[in-house]
Amino acid sequence: MARRWVVVWTLMCCLSAASRGSGPDSGPGRIALGGLFPMGYVGCLTRHGLPRDVLYDAQLRDLATLQRYDLVILAGSLADPATDRSLQEYLRQGGHAIVDYSGSAANLPNLPNRGELATWMAGKSTAPGGFGVAGVAVAPWSPAASSGPLAGIPLAAGLVDPKSLGYLPDAGALTEVRVLARYPATVRAAGNTAEAQGGPAAPAIVAGRLGRGRVILCGLQVGVKTEHTGLDLEALILAMLKEVTSGRAEPQLRPDTPHVGYAATVGSVVAEVAVAAEDPTAVEDQPPAPPGVAAPLPRGWRPIEPEPAAEWDLVMTVPSAATTMLVRYWNGESFARLRVGPTGLRLSVRRNGREEVVAERAVRLQPGSPLTLKERCDRLLAQAGQIALVADLTTLPPGVLAVQGSLAAAEYRPAESVYFSDDFMRTDAATGPWRWSGGDWSTAPDQNAEMGANPFALKCRAGDGTATALAGDETWDEYRVTCAVRPTSAAGGTVGLGWYAQDERNMYLLQANLTAAGQTAPDGWQLVRLQDGRAHRLAACPGGVQRGQWYALRVSSSGPRLSVEVDGVPLLTAVDATFSRGAIALQVGRAEARFDDVHATASVWPAPQGAVLAGRPPHHAGLIDVDSWASPATGWEPDPAAAGQFWRREVFFGDTDLDFRWAAIPDGGEVELRLRAETAAPADRYSLRLRRLGPAGELVLSQAGKLLGSRTVPLPTGVHLALQRRGPQLTALVGGQPVLATATPALPMALRLGFATRGFRPQISALTVWSRQLADLTFDAAPTDWWVTSGTWDLTNRWSCVPEWSWFGGYSEQVAAAWLKPEFAGDLVLDAYVGAKMLDNKVPGYRGPAQERTGDFNLTICGDGRNVESGYTWLVGPSGSPREIVSTHGRISGADARLLRNGVAVARNDDFRLFSQGHNRWANLRVARRGGQITLWVDGQEVLTYRDPQPLPSGYAAVWTRGNGILVPRVTVAYQQRTARVLSLPPAAAPP
């Protein structure tokens with residue numbers, strides 16, 4: 001299998017290399033990175049929109065692979081003669097390279113020749129048995145000439161100092177050598193220290209030719225200093241790129257990710273900025289113009305409120321005779337109408353002169369009984385006892401609230417929709433908005449809270465009684481509330497989420513029983529009405545909650561309709577009008593639990609679906625994050641052959657939006673949003689192009705060059721352009737308003753998204769992607785999407801030596817597995833970032849040898865939710881391989897990649913090996929099931945592909961390890977279908 005893979009890979013590389021010279025390219029070219037410390041370069045290229053492929057060691061040894069690229073960057077020598085030979089031959093044949101000696105000597109104690117680097121890449125030795133270490137006595141480094149390519153580039157303090165290792169590049173094998181920068185003085189290496197001896201000035205960065213190729217040898221440790229300490233060296237990197245590629249590697253984006261140094265986060269860096277720069281992506285959509293002009297009320301109508309608030313209540317009683325009210329009356333073409341009387345309710349909406357009944361109930365209403373009319377978030381609710389009607393008013397302009405006939409004791413009052421949010425990110429000294437009753441309540445971190453993603457939670461110990469926490473007030477109504485809860489005590493007792501609470505003894509309450517692992521209670525989930533402390537059951541189903549697992553609870557009221565969801569699954573409903581408003585509540589009975597991420601919003605607002613991929617990094621992201629999983633530009637792949645063109649690396653299933661916001665497109669500038677199938681067949685390419693022509697915009701929607709629609713639209717200074725896919729229909733929007741639409745019955749289910757700009761360089765924050773069939777988890781909230789079946793999982797630190805940094809992770813001396821709760825069917829793409837957890841005697845419960853193992857980064861899809869080797873299982877760097885590399889401090893680099901199908905090996909790549917220096921690095925693993933083709937990518941490079949003649953239809957996905965500890969900062973899943981089954985609920989509890 002490995003031999004076949006190498007043959008296929010070599011053939012593909014040769015074809016690609018042959019095509020590279022087939023014609024001139026306008027883009028920045030193809031750039032490959034490798035070595036010990038490439039991530040500083042990766043981050044710089046990513047932020048500036050330059051192509052970047054991170055090659056693993058076997059690919060660096062393969063000349064055909066290198067020939068696919070216009071530039072190869074080696075950051076930290078691998079001390080591998082095969083890599084050396086392939087890189088030299090690549091240069092002789094006309095390639096381009098940057099060789100950065102970053103940390104080579106310090107981190108590879110087993111180098112040949114008493115520590116010297118291999119052949120022409122060697123750092124020149126200045127002491128017997130030593131390395132070519134360079135430093136400075138007083139002055140910083142300087143460009144070799146005031147007019148050279150590196151002139152005027154500021155360097156961060158700390159790049160070169162007496163304690164910093166550097167290298168003296170050996171340019172003996174090169175021709176046309178130019179010194180681009182010099183050390184003002186050199187020092188000798190004596191053991192692990194640098195003795196300042198004031199030697200003569202020496203080259204620090206040199207350029208030259210090897211054969212037909214061009215190379216820069218960089219003695220400054222740019223890669224390691226950027227990756228490990230966060231020094232800002234982007235200006236130097238970009239200058240070297242421009243020099244070695246003769247200007248072709250031109251940035252395609254304006255970088256907008258804040259620079260993060262060591263021991264800092266994106267949030268802390270942003271907070272330090274006194275005056276924020278103007279956001280070039282800030283664009284406000286203009287509301288649609290009202291139809292016609294406002295008109296006075298018709299004869300016979302009287303206003304209840306001429307200018308109602310955006311949200312309001314009208315409290316009254318059912319009239320004895322039929323009465324009609326108008327809501328948002330603008331003119332005779334635009335309003336909503338409510339007819340109410342002893343025979344029932346009827347709600348209609350008139351738009352553009354056409355009136356449509358949206359809800360109606362013919363039922364006997366008692367005159368004088370309570371009747372309420374409410375407007376919340378562009379939704380109109382009419383409620384009489386247990387009867388409620390709802391209408392959508394989104395497209396209606398503001399207008400008069402009026403009545404025809406008489407209303408007894410009608411009271412109009414402005415209102416506000418509920419909004420409440422608390423993630424408990426505070427110490428126990430601040431109780432926040434909560435009022436305690438019974439039990440012991442506290443807010444405290446589980447780890448060092450300085451740099452954790454979500455370290456705080458609200459903890460409760462109820463003892464033998466019931467403990468309740470209340471927030472909000474008695475005026476809140478028409479809302480939904482969500483929270484995360486994790487029981488921390490054994491079976492017995494209850495946890496609950498309440499709403500419309502009058503006090504701790506009167507409310508609606510979702511109550512769950514604590515059960516033993518693997519067991520359910522017949523009435524484990526209950527929806528109850530709590531009155532004077534007595535529970536009246538309204539609905540129930542089997543289930544319960546288990547110790548140590550996180551659950552997402554959601555309860556809501558819309559009029560008298562009560563509903564409950566658990567882990568995204570609708571579970572219980574009831575109709576009850578006993579309570580019509582009140583506060584929210586958290587409750588624990590005879591148990592212990594943690595609560596987190598409590599949010600309350602108006603229930604008439606649509607519940608969030610799918611996921612949004614925004615163009616800004618999470619606030620908790622730090623140094624090793626912003627160059628990988630947290631960089632918004634990481635998901636966008638530049639087209640090496642075409643300037644300004646990008647494709648999203650994921651595929652998206654079903655309904656999807658691609659939005660672009662920019663404050664000022666120049667005259668003649670263009671932005672284009674694109675969709676295409678994975679096959680890239682010409683017929684499966686769709687494009688929406690907007691070109692500014694003065695105050696207007698030329699909008700064109702096309703398929704494979706065939707015009708589907710066009711329109712000229714007025715353009716304000718800022719532009720908001722969007723392309724929406726809803727089933728078979730594509731819709732173009734400008735300023736949030738649809739302007740073009742077309743039905744495309746042959747539109748593929750799975751699509752890639754792309755964009756292109758001409759005439760300006762955008763920032764990636766201008767782009768936002770939404771997809772209904774997408775989950776994007778960055779663990780800044782409680783991990784309610786995960787079901788732990790083995791090992792210890794929680795927010796945990798990665799390094800014992802620096803415990804401040806914390807991510808979601810797990811460890812075990814056996815198997816540590818966390819499963820995504822939903823079951824997925826059909827095609828699926830699972831993308832995960834994984835890093836090694838340092839295991840030693842500081843880790844509770846760990847008894848093995850101290851190690852930091854970059855290996856056993858394993859994924860499962862289509863599994864049964866219990867056995868990690870069920871379904872399709874990828875073992876990435878599994879333990880036991882004779883090709884593992886063990887370096888100092890127990891750092892291990894795993895080798896090999898394997899695919900199992902229901903426990904049976906079906907594919908293997910023996911040439912693959914994970915990177916050698918995993919201490920400050922995340923591995924990106926992406927697996928896909930597309931029909932019968934099953935594929936693994938690591939850091940964007942295809943490692944394994946298997947074609948299954950009988951593909952598994954559905955199952956669960958897991959991230960796991962064996963005999964190791966792993967951290968998981970981000971997981972993204974795009975799926976064709978999500979079933980109603982979740983691991984946290986028994987099948988009998990889920991709806992059919």
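**Helix α2 and its partners α8 and α9**

Reader: In this predicted model, helix α2 (residues 39–47) and helix α8 (residues 222–229) have axes that come within 7 Å; at roughly what angle do they cross, and how are α2 and α8 therefore oriented to each other?

Author: The axes of α2 and α8 cross at roughly 80°. Angles of 65 to 115 degrees count as roughly perpendicular, and α2 and α8 are therefore, relative to each other, roughly perpendicular.

Reader: Which residues of α2 and α8 meet, and how many of the residues in this contact are charged?

Author: On the α2 side the contact involves Met39, Gly40 and Tyr41, which meet Val222, Gly223, Thr226 and Glu227 in α8. By class, the residues of this contact divide into three nonpolar and three polar, and the number charged is one.

Reader: How closely do the axes of α2 and helix α9 (residues 234–244) come, and at what angle do they cross?

Author: The axes of α2 and α9 come within 10 Å of each other, and α2 and α9 are therefore roughly perpendicular. The crossing angle behind that description is roughly 80°.

Reader: How many of the residues in the contact of α2 with α9 are nonpolar?

Author: From α2, the residues Gly40, Tyr41, Cys44, Leu45 and Arg47 meet Glu234, Ile237, Leu238, Met240 and Leu241 in α9. Of the residues in this contact, one is polar and two are charged, while the nonpolar ones number seven.

Reader: What percentage of the residues in the protein is buried?

Author: The secondary structure of the protein comes to 10 helices and 68 strands. Among its 992 residues, those that count as buried make up 57%.

Notes:
Residues are numbered from 1 along each chain as its sequence is written. This is a predicted model: local features need pLDDT of at least 70, side-chain atom pairs count only at pLDDT 80 or more; totals for chains, interfaces and linings use all residues. Side-chain values use heavy atoms; hydrogens and water are left out. Axes are lines fitted to C-alpha atoms, for helices over the stretch in contact, and angles run from 0 to 180 degrees between N-to-C directions. Helices (H or I, at least four residues) and strands (E, at least two) are DSSP runs, numbered from the N terminus. Angles under 35 degrees count as roughly parallel, over 145 as roughly antiparallel, 65 to 115 as roughly perpendicular and the rest as oblique. Contact means heavy atoms within 4.5 Å. Ala, Val, Leu, Ile, Met, Phe, Trp, Tyr, Cys and Pro count as nonpolar, Asp, Glu, Lys and Arg as charged, and the others, Gly among them, as polar. Buried means under 20% relative accessible area, exposed over 50%, partly exposed in between (1.4 Å probe, protein chains only).
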